[in-house]
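This briefing walks through a single protein chain, moving from charged side-chain pairs to the arrangement of strands. Please read it alongside the structure shown here.

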Amino acid sequence: MGMSKKAIETFSVNAVRDSIMMSKFLDQYIPDNDKEPFWDGAVYVFENESHKKENFKGRVSVQVKGTECNDLSKSEITFPVSITDLKGYLTDGGAIFFVVYIANNGLSKKIYYIELTTIRIRMILESAKKQKTKNILYT
């Protein structure tokens, strides 16, 4: 039997948080059990290693999705995003969308992502026509 939804979410969010913390110029605010309608949190960007307010350059909203998959060898994947969510990201100036593949009950993970800039979102929405979701390529 597979992992619970809560376990998948926890493994996914932790993997993304850990990855972001590897950069001295980034900080993450991605809470557990997030209930926001479109986003799971944000990444804060600083101009240097000091994360003081005066060194703050900006923030980017993030969405994290996790799924069980034993094939972590792929360099890119496709994953669906709802059109409603894309429209929500557009109102906030975009987002970074992470997809985390989780294998071996959480022992192995691979993170894929796409920068959903406003231009990219508009292009995706134009190509979606009347679809409710759109498969997007992640690397």
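## Charged pairs and the open sheet

Glutamate 47 has a relative accessibility of 45% and therefore counts as partly exposed. The model is a predicted one, and a search of the whole structure finds 4 salt bridges in it. Beyond these pairs, the briefing covers an open sheet of 5 strands with mixed pairing.

**Salt bridges**

- The side chain of glutamate 47 meets that of lysine 57 in a salt bridge, with an N to O distance of 3.9 Å. This pair links distant parts of the chain, since glutamate 47 belongs to the loop between E2 and E3 and lysine 57 to strand E3, 10 residues apart.
- Lysine 57 is exposed, at a relative accessible area of 58%, whereas its partner glutamate 47 is partly exposed.
- Arginine 59 and aspartate 92 also meet through their side chains in a salt bridge, at 4.0 Å from N to O. Here too the pair links distant parts of the chain, with arginine 59 in strand E3 and aspartate 92 in the loop between helix H2 (83-91) and E5, 33 residues apart.
- Both partners of that pair are partly exposed, arginine 59 with a relative accessible area of 42% and aspartate 92 with 35%.
- A further salt bridge joins the side chains of arginine 17 and aspartate 32, at 2.8 Å from N to O. Because arginine 17 lies in helix H1 (residues 5-20) and aspartate 32 in the loop between E1 and E2, the pair ties together parts that are 15 residues apart in sequence.
- Arginine 17 is buried, with a relative accessible area of 15%, while aspartate 32 counts as partly exposed at 45% relative accessibility.

**Order and edges of the sheet**

- The 5 strands of the open sheet follow the order E1-E2-E3-E5-E6, and their pairing is mixed. Strand E1 (26-29) and E6 are the edge strands, each with a single partner strand, so one side of each is left without a neighbour in the sheet.
- Neighbouring strands of this sheet are turned against each other by 30° on average, with direction ignored.

**Pairing between strands**

- Strand E2 (residues 41-46) runs antiparallel to E3, and 6 bridges join the two; within this pairing, glycine 41 stands opposite valine 62 in E3.
- Strand E3 (residues 56-68) runs parallel to E5, to which it is joined by 7 bridges, and valine 64 stands opposite phenylalanine 98 in E5.
- E5 and strand E6 (residues 108-116) run antiparallel and are joined by 9 bridges, with tyrosine 101 standing opposite lysine 110 in E6.
- E5 and E6 form a hairpin with 4 residues between them, and asparagine 104 in the turn has a positive phi of about 55°.

**Burial of strand E5**

- Strand E5 (residues 95-103) is mostly covered, as 9 of its 9 residues are buried.
- Which residues of E5 point one way, and which the other way? Ala95, Phe97, Val99, Tyr101 and Ala103 point one way from the strand, whereas Ile96, Phe98, Val100 and Ile102 point the other way, and all of them are buried.
- Two of these buried residues also appear in the strand pairings described above, namely Phe98, which has valine 64 opposite to it, and Tyr101, which has lysine 110 of E6 opposite to it.

Key
Residues are numbered from 1 along each chain as its sequence is written. This is a predicted model: local features need pLDDT of at least 70, side-chain atom pairs count only at pLDDT 80 or more; totals for chains, interfaces and linings use all residues. Side-chain values use heavy atoms; hydrogens and water are left out. Buried means under 20% relative accessible area, exposed over 50%, partly exposed in between (1.4 Å probe, protein chains only). Two strands pair if DSSP finds at least two bridges between them. Axes are lines fitted to C-alpha atoms, for helices over the stretch in contact, and angles run from 0 to 180 degrees between N-to-C directions.
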